[in-house]
Amino acid sequence: MLMQFFPVPVAIEELSLDLPTMKDYAYKLKEKNVSAYKSNRGGWQSKPLIGEHLPLLDLRNAIKKHGENYRKIIGYKNPIIIKNMWVNINGYKDCNMEHIHPNSIISGVFYIKVSGEKFGDGLLEFSHPSQYVMSGDWEPDLFEPNQFNNLQLNLKPAENQLVFFPNWLVHAVSQNLSKKDDRISISFNLG
């Protein structure tokens, strides 16, 4: 019998929202506001979106609906609320460094526009919670890669994709390698 102790749930939902309207809204926000600087290296990140943002209403409703399902999967007892959300626009060679999202329970991202067609372009990179301990003794050349020994697992994003993960899961976003297409996403935290 094989048991899996301490699994980390990452949930993916495919939506069918009005991406052109959200894309236009993201660019209008960028025109009017300077970038916040958190994990982003290059690119533009909005400050937290406060109040009603009508072009994002359907997305907010989808986050609440699917966030409730994810809450039940992880056994969180309280109904979830959206604590904050923000827009990310990454151009050529822009990326986000490794980080977590403190002061929340669940984090996530919704993809409005993805860039490039090559694998490795704009990946959502998740790091194993024990990566520093494992990297000392579990040398990669001693293992056939699988879900139990990978130090990093990557998700290739798709447009209209909604992703949920625990706020403590270390993650990054690889560089946008497209010279002509921006990558546009909306990140959020639930609690």
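## Buried rings

A residue counts as buried when its relative accessible area is under 20%. Phe188 has 0% relative accessibility, so Phe188 is buried. Phe164 stands at 1%, and therefore counts as buried too. These values come from a predicted model.

Phe126 and Phe165 are both buried as well.

## The six-stranded sheet

One open sheet has six strands. Their order is 1-9-6-11-4-3, and the pairing is antiparallel. Strand 1 (11–14) and strand 3 (44–45) are the edge strands. Each of them pairs on one side only.

Strand 6 covers residues 106–113, and strand 11 covers residues 183–190. The two run antiparallel and are joined by seven bridges. Val109 stands opposite Ser187 in strand 11.

## Helices across the sheet

Helix 1 spans residues 19–32. It lies across strand 3, strand 4 (82–90), strand 6 and strand 11. Its direction is at about 100° to strand 6.

Helix 2 spans residues 57–74. It lies across strand 1, strand 4, strand 6, strand 9 (161–166) and strand 11. Helix 2 runs at about 40° to strand 9.

## The five-stranded sheet

Another open sheet has five strands in the order 2-5-10-7-8. Here, too, the pairing is antiparallel. Strand 2 (40–41) and strand 8 (152–155) each have a single partner strand, so one side of each has no neighbour in the sheet.

Strand 7 (residues 124–127) and strand 10 (residues 171–173) run antiparallel. Three bridges join them. Phe126 stands opposite His171 in strand 10.

## Aromatic pairs

The structure holds five aromatic pairs. One of them joins Phe126 and Phe165: the ring centres are 5.2 Å apart and the planes meet at 70°, so the pair is edge-to-face. Phe126 belongs to strand 7 and Phe165 to strand 9, so this pair ties together parts 39 residues apart in sequence.

Phe164 and Phe188 also form an edge-to-face pair. Their rings are 5.6 Å apart, centre to centre, with 70° between the planes. Phe164 is in strand 9 and Phe188 in strand 11, so the pair links parts 24 residues apart in sequence. Tyr70 joins Phe164 and Phe188 in a cluster linked by ring pairs.

Technical notes
Residues numbered from 1 in each chain as written. Predicted model: local features only at pLDDT ≥ 70, side-chain atom pairs only at ≥ 80, totals over all residues. Heavy atoms only, no water. Pairing = 2+ DSSP bridges. Helix = DSSP H or I, 4+ residues; strand = E, 2+ residues; numbered from the N terminus. Contact = heavy atoms within 4.5 Å. Axes fitted to C-alpha atoms, helices over the stretch in contact; angles between N-to-C directions. Phe/Tyr/Trp six-rings, centres within 6.5 Å; stacked < 30°, edge-to-face > 60°. Buried < 20%, exposed > 50% of the residue type's maximum accessible area, 1.4 Å probe, protein only.
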